[in-house]
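Biologist: I would like a close look at a single part of this chain, its salt bridges. Please go through them pair by pair, and then place them in the rest of the fold.

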Amino acid sequence: MDIYTIGIEDQLSLLRRKASPIQDITAETAQLAEHMVETMIAGKGIGLAGPQVGLLQRIFTVQIDEKPMVFINPQILATSPELSSYEEGCLSIPGQYADVKRPAQLQIQAWNAKGRPFTIEASGLLATVIQHEYDHLDGVLFIDHLSDRKRKKILGKFQVTPEGYPEAE
Ligand code: NI
């Protein structure tokens, strides 16, 4: 699967769009999840969301240590008031990294690739990656959490002007 990046206008506009829920989790969905995991690993990423491979569907994959995880139609149920900061990057914004503060812990409910619902509590890097990927499903990129100056600087590396950067919708 090709990974969409912000430097290509059509791809950027898709990355800014809100993804839709997956109506039925079928064998096709499981295959899609498998391809996304392969693409994430090949790209040396630790997370990948549907819009990043051109699919406006609410699915993302995460791999922190061993087992890859698949989140379909996720809902973040709760987040902690405490924040933590990690240096984030994104396969759709290659080569750019910046510190982002997010809730340090969260509870999330989703369905796996077999169509089974699950709820987990996450903290540390896993909590950050989940929130980063969840953002992608709403067209939000990690640079949206930065100051205007920092965002402009990163966009500039891809020849995107602040005016040429569409609103998330
Ligand atoms: Ni990303």
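Modeller: What follows takes the salt bridges in turn, then the surface patches and the overall fold. The model is a predicted one.

Six salt bridges turn up when the whole structure is searched. Side chains of opposite charge can pair when their charged atoms come close.

Start with Asp 144 and Arg 16, which form a salt bridge whose closest N and O atoms are 2.8 Å apart. This pair links distant parts of the chain, 128 residues apart. Asp 144 sits in the loop between helix H3 (124-137) and helix H4 (148-157), while Arg 16 sits in the loop between helix H1 (9-15) and helix H2 (27-42). The two partners fall into separate accessibility classes. Asp 144 counts as partly exposed because its relative accessibility is 25%, and that value lies between the 20% limit for buried and the 50% limit for exposed. Arg 16 has a relative accessibility of 5%, so it counts as buried.

Next come Arg 102 and Asp 135, whose side chains meet in a salt bridge at 3.0 Å, N to O. Arg 102 belongs to strand E5 (residues 98-103) and Asp 135 to helix H3, so this salt bridge ties together parts that are 33 residues apart in sequence. Both ends are on the buried side of the cut-off: Arg 102 has a relative accessible area of 3% and is therefore buried, and Asp 135 counts as buried at 15% relative accessibility.

The pair of Asp 148 and Arg 151 is a local one, within a helix. Their salt bridge has its closest N and O atoms 2.5 Å apart. The two residues are three apart in helix H4, so about one helical turn separates them. Asp 148 counts as exposed because its relative accessibility is 58%. Arg 151, by contrast, is buried, with a relative accessible area of 15%.

There is also a group of three: Lys 18, Arg 58 and Asp 138 are linked in a network of salt bridges.

Not every charged side chain belongs to such a pair. Arg 149, Lys 150, Lys 153 and Lys 157 form a positive surface patch, and residues in a patch have no salt bridge. Lys 150 lies in helix H4, the helix that also holds Asp 148 and Arg 151. With a relative accessibility of 41%, Lys 150 counts as partly exposed.

A nonpolar patch can be set beside the charged one. Ile 46, Ile 64 and Leu 125 make a nonpolar surface patch of about 200 Å². Leu 125 is in helix H3, where Asp 135 of the salt bridge to Arg 102 is also found. Leu 125 is partly exposed, its relative accessible area being 33%.

Now the rest of the fold. The chain has four helices and seven strands, and along the sequence they follow the pattern α-α-β-β-β-β-β-β-β-α-α. The radius of gyration is 15 Å, close to the 15 Å that the globule rule gives for 169 residues, so the chain is as compact as a globular protein of that length. Along the principal axes, the C-alpha atoms fill a box of roughly 40 × 35 × 30 Å. Of the 169 residues, 46% count as buried; Arg 16, Arg 102, Asp 135 and Arg 151 are among them.

Terms used
Residues numbered from 1 in each chain as written. Predicted model: local features only at pLDDT ≥ 70, side-chain atom pairs only at ≥ 80, totals over all residues. Heavy atoms only, no water. Salt bridge = Lys/Arg side-chain N within 4 Å of Asp/Glu carboxyl O. Buried < 20%, exposed > 50% of the residue type's maximum accessible area, 1.4 Å probe, protein only. Patch = residues over 30% accessible without salt bridge, like charges linked within 9 Å, V, L, I, M, F, W, Y side chains within 5 Å. Areas by Shrake-Rupley, 256 points an atom, 1.4 Å probe, with all protein chains shown as cover. Lys, Arg positive; Asp, Glu negative; His and termini not counted. Charge placed at Lys NZ, Arg CZ, Asp CG, Glu CD. Rg over C-alpha atoms; globule rule 2.2 N^0.38 Å.
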